[in-house]
Amino acid sequence: MPHTQGRAPAVSLGSQGAILRTGLEELEERKAKLMKTKADIGVVGLAVMGENLVLNMEGRGYTVACFNRSVDKVDVFLAGRGKGRNLIGCRSLEELAMSLERPRRVMMMVRAGQPVDDLMDALRPYLDPGDILIDGGNSHYLDTMRRCDAAEVEGILYVGAGISGGEEGALHGPSIMPGGNVGAWPVLKPILQAIAAKVDDTTPCCEWIGPDGSGHFVKMVHNGIEYGDMQLIGEAYHLMSQGLGMSAAEMHEVFLQWSTGELDSYLIEITADILTRTDPHTNKPVVDLILDVAGQKGTGKWTSQVGLDLGVGIPQIAEAVFARSLSAIKEERVLASRELAGPESLFSGDRGVLLAQLGKALYAAKICSYAQGFQLLRAASREYGWRLNLGDIALMWRGGCIIRARFLGKIKEAFDENPELPNLLLAPHFKKVAAEAQAPWRQVVKTAVDLGIPIPALGAALSYYDAYRSERLPANLIQAQRDYFGAHTYERIDKPRGRFFHTNWTGKGGTTSSSTYVA
């Protein structure tokens with residue numbers, strides 16, 4: 001047998017070689033196909049929100065590349081709701097990156113926290129300078145600020161986009177609050193505004209918020225207001241069901257009526273709908289069969305914490321968060337209900353009058369919840385130099401999102417008329433609403449107290465209103481106490497602001513005083 005020097009003898013690969021060649025050929029064909037068909041945007045994460053956003057984008061004429069960590073979910077999606085759509089299913093992040101037009105746009109729809117960092121790390125090898133990463137989850141704004149800085153070092157344009165509207169909004173048009181590297185906005189604007197909800201004049205509920213973590217901050221405050229709004233509605237329901245002994249059908253009629261007036265909002269609307277549903281097995285209202293334990297995912301807590309950090313009073317939002325925490329100790333509450341005394345009588349007055357008063361009280365309290373949220377936005381804008389446009393934010397919340405309500409148009413008008421408005425309660429329209437609600441609002445709170453019905457948010461709203469309108473509060477005594485035990489000093493009403501004094505209250509202390517600061 002002849003021997004050719006320098007050449008290895010031929011080896012038969014048999015069936016394994018054929019399989020290897022076939023696999024390589026399929027990979028090359030797939031790569032060639034991807035080179036011919038490029039997607040406009042990629043979405044990583046096909047849970048409820050991600051899947052519906054993909055369908056929304058495709059429905060607006062965009063080609064979307066999809067990837068999910070559990071790859072079989074991609075196949076299920078493309079064989080089901082995504083069948084026949086202009087979608088590209090990807091089985092790896094590398095394949096996703098290969099399938100995208102330049103600059104690449106990748107939206108991450110994964111759980112907030114470490115999963116976002118992990119995904120960023122996994123995507124990094126496949127991205128080039130100028131590519132855009134969008135975090136569409138409920139990330140903490142400080143994390144988004146950190147990620148923006150880290151991405152910028154590598155030339156990646158990072159965007160934290162708050163998205164509100166739930167499953168229905170994601171599919172048909174959510175409210176979108178993007179912030180981060182402004183260089184990404186010209187590229188993202190067409191697609192984000194195309195998939196966003198539109199208000200009556202076709203204005204999209206999506207506009208650029210500002211730098212670094214501003215988009216996620218605005219979404220966080222949105223959720224804080226949402227907590228407050230839901231708690232207020234829950235308290236109205238509680239007063240009607242427990243205090244007035246009303247049935248679900250009767251309460252449905254009240255909420256239905258409210259949804260056609262000044263209280264018109266998404267949450268009032270769905271509450272009316274919830275109260276119509278009957279369980280087919282027990283023939284009881286579904287709402288009566290649901291355990292009274294409310295869950296939470298952290299955004300309400302974050303909002304309350306930021307209020308403390310920035311020194312902004314948002315007691316109504318905080319009370320709504322605490323109310324969910326109290327609901328969680330169900331077994332403890334059951335025990336306490338048997339041990340602790342309280343009034344148990346039903347309301348004996350005119351039900352119609354009280355319901356009318358309740359509607360007025362609910363509207364005034366809702367205004368207070370939004371007022372607190374916008375004060376927090378203003379404080380953060382100053383703290384971080386974001387220059388937030390509060391009127392535009394109100395406009396973005398008019399459609400698609402969970403807290404959309406008719407009176408957001410009035411909030412938009414208030415900030416358009418006075419961009420430096422310190423509090424919504426000082427705007428002419430809302431000042432008038434609060435004035436007209438005074439008597440009914442206070443009567444509802446009194447009635448709830450007499451009946452032993454807890455109203456932490458409704459009561460906190462009234463206390464907030466009264467505190468805000470008070471020229472003098474008892475903080476003078478608190479400051480005297482602080483100076484007494486800790487020499488923390490105080491300012492005087494008969495001296496210029498910024499000058500601090502100390503009293504030797506016991507006659508035993510010295511002249512040394514503590515420095516003045518806000519922790």
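What follows is a working chat about the predicted model shown above.

Me: Before we start, what kind of model is this, and how are residues numbered?
Reply: This is a predicted model, in which local features need pLDDT of at least 70 and side-chain atom pairs count only at pLDDT 80 or more, while totals for chains, interfaces and linings use all residues. Residues are numbered from 1 along each chain as its sequence is written, and side-chain values use heavy atoms, with hydrogens and water left out.

Me: OK, what is the secondary structure?
Reply: The protein comes to 21 helices and 7 strands, where helices (H or I, at least four residues) and strands (E, at least two) are DSSP runs numbered from the N terminus. The C-alpha trace spans about 115 × 70 × 50 Å along its principal axes.

Me: And how much of it is buried?
Reply: Of the 519 residues, 47% are buried, with buried meaning under 20% relative accessible area, exposed over 50% and partly exposed in between (1.4 Å probe, protein chains only).

Me: Where is the largest nonpolar core centred, in terms of contacts?
Reply: The largest nonpolar core has 86 residues, and Phe374, Trp397 and Trp441 are those with the most contacts inside it; such a core is a set of buried Ala, Val, Leu, Ile, Met, Phe, Trp, Tyr and Cys residues joined through side-chain atoms within 4.5 Å. Helix H16 (residues 351-384) gives the largest share of this core, 16 residues.

Me: What does Phe374 touch, sequence neighbours aside?
Reply: Leaving out neighbours within four places in sequence, Phe374 is in contact with Leu390, Ile393, Ala394, Trp397, Ile411, Phe415 and Leu424, contact meaning heavy atoms within 4.5 Å. Another core, of 32 residues, lies apart from the largest one and has Leu87, Ile132, Leu157 and Leu188 among its members.

Me: Switching to electrostatics, how many salt bridges are there?
Reply: A search of the whole structure finds 26 salt bridges, each being a side-chain nitrogen of Lys or Arg within 4 Å of a carboxyl oxygen of Asp or Glu. One of them joins Asp117 and Arg146, whose closest N and O atoms are 3.2 Å apart. That pair links distant parts of the chain, with Asp117 in helix H5 (residues 114-123) and Arg146 in helix H6 (residues 141-153), 29 residues apart.

Me: Are those two buried or exposed?
Reply: Asp117 counts as buried at 15% relative accessibility, whereas Arg146 is partly exposed, with a relative accessible area of 40%.

Me: Which other residues share a network with them?
Reply: Asp117, Asp135, Asp143, Arg146 and Arg147 are linked in a network of salt bridges. Within it, Asp135 pairs with Arg147, the closest N and O atoms being 3.8 Å apart. Asp135 lies in strand E5 (residues 132-135) and Arg147 in helix H6, so this pair ties together parts that are 12 residues apart in sequence. Both Asp135 and Arg147 are buried.

Me: Last topic, the backbone: where is there a cis peptide bond?
Reply: A cis peptide bond joins Arg102 and Pro103, with omega about -10°, and Pro103 lies in the loop between helix H4 (93-98) and strand E4 (105-108).

Me: Which residues other than glycine have positive phi?
Reply: Asp212, which is not a glycine, has a positive phi of about 30°; Asp212 sits in the loop between helix H8 (185-195) and helix H9 (214-243) and is partly exposed, with a relative accessible area of 21%. Thr489 also has a positive phi, near 70°, and lies in the segment after helix H21 (475-486), where Thr489 counts as buried at 5% relative accessibility.
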